[in-house]
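Subject: Structure for you to look at

Hello,

Here is the structure I said I would pass on. Please open it and keep it beside you while you read the notes below.

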Amino acid sequence: MPIPQTGTPAPDFQLQDQNGNDVKLSQLRGKNVVLYFYPKDDTPGCTREACDFRDEHSALQEAGAVVLGVSPDDIRSHQKFATKFSLPFPLLADTGHQVAESYGVWGEKSLYGRTFMGITRATFLIDTEGKVARVWPKVKVQGHVQDILQSLKGGAEEEGAPAQKKAPVKKAAAASKPAATAKKAPARRK
């Protein structure tokens, strides 16, 4: 299936978390949901991403969001992972990968010359009405949670917006270098 587009209803689902509790997306209406898909528990990139969500969990909650992590690992694996890293949010077991498929993030991957089926790291911001508000289709872990927080706070709502917002920052930084050099030059003349 293709990735759900911004403005469309998020595919509903019901999965169990690391404690065996049922989590149903439609029961979270009225809250923003950060639904992030990751390949595997306790691997370097997935651990870093989960710990970033853990470290910013309070800020995400203050911004009105519920965080849900999804991978094809089973409940036992999720429980070990959540306990080991003190993760304060549900990790959902999508062992049959039906939810990953409905969100368009299950497909062929390759690693070290080997091809296999798996989850593409992706995040969906689902609004209070159950619609997809933002999609990060191929997540780079570093800075990702900050980007989500920015979106929750009303910035960078469109997919192209983060790049547009970052460009002026780079120009401003480049412009400040000559100014700093200019200030140093008169100091040397004195």
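How many helices and strands does the secondary structure of the chain come to? There are 6 helices and 9 strands. Please keep in mind that this is a predicted model.

Some totals for the chain come next. It has 190 residues, and 39% of them are buried. The exposed surface is about 10,900 Å², of which carbon and sulfur atoms supply 51%. Taking contacts between residues at least 6 apart in sequence, 63% join residues at least 24 apart.

Now the interior. In soluble globular proteins, nonpolar side chains tend to be buried together. The largest nonpolar core here has 23 residues. Those that touch the most other members are V34, Y36, F53, L60, L87 and L91. Two or more residues of this core come from each of β3 (32–37), α1, β4 (65–71), α3 (75–84) and α5 (144–152). A second core, separate from this one, has 22 residues, including V23, F37, A100 and A122.

L60 is a useful place to start in the largest core. Leaving aside neighbours within four places in sequence, L60 is in contact with F53, A65, V67, V145, I148, L149 and L152.

Next, look at T47, which lies in helix α1 (residues 44–55). Is T47 buried or exposed? T47 counts as buried because its relative accessibility is 12%, and the cut-off for buried is under 20%. Apart from neighbours within four places in sequence, T47 is in contact with D42, F81 and F85.

Then there is a hairpin to find. Strand β6 (residues 106–111) and strand β7 (residues 114–119) pair in the antiparallel sense, with 6 bridges. One of the bridge partnerships joins L111 to R114 in β7. Between the two strands are 2 residues. Y112, in the turn, has a positive phi of about 55°.

Last, the empty space. How many cavities of 30 Å³ or more does a search of the whole structure find? The search finds 1. The largest cavity has a volume of about 50 Å³. Its lining consists of A10, L25, L28, R29, K31, V33, I126, D127 and G130.

Regards

Key
Residues are numbered from 1 along each chain as its sequence is written. This is a predicted model: local features need pLDDT of at least 70, side-chain atom pairs count only at pLDDT 80 or more; totals for chains, interfaces and linings use all residues. Side-chain values use heavy atoms; hydrogens and water are left out. Helices (H or I, at least four residues) and strands (E, at least two) are DSSP runs, numbered from the N terminus. Buried means under 20% relative accessible area, exposed over 50%, partly exposed in between (1.4 Å probe, protein chains only). Contact means heavy atoms within 4.5 Å. Two strands pair if DSSP finds at least two bridges between them. Accessible areas come from the Shrake-Rupley method with a 1.4 Å probe; for residues, only the protein chains shown count as cover. A nonpolar core is a set of buried Ala, Val, Leu, Ile, Met, Phe, Trp, Tyr and Cys residues joined through side-chain atoms within 4.5 Å. On a 1 Å grid over the protein atoms alone, a cavity is a set of points where a 1.4 Å probe fits but cannot get out, and a pocket is an open set with protein on both sides within 12 Å along at least five of seven lines; lining residues have an atom within 4 Å of a point. Grid points are joined across faces, edges and corners, and a volume is the space filled by probe spheres set on the points.
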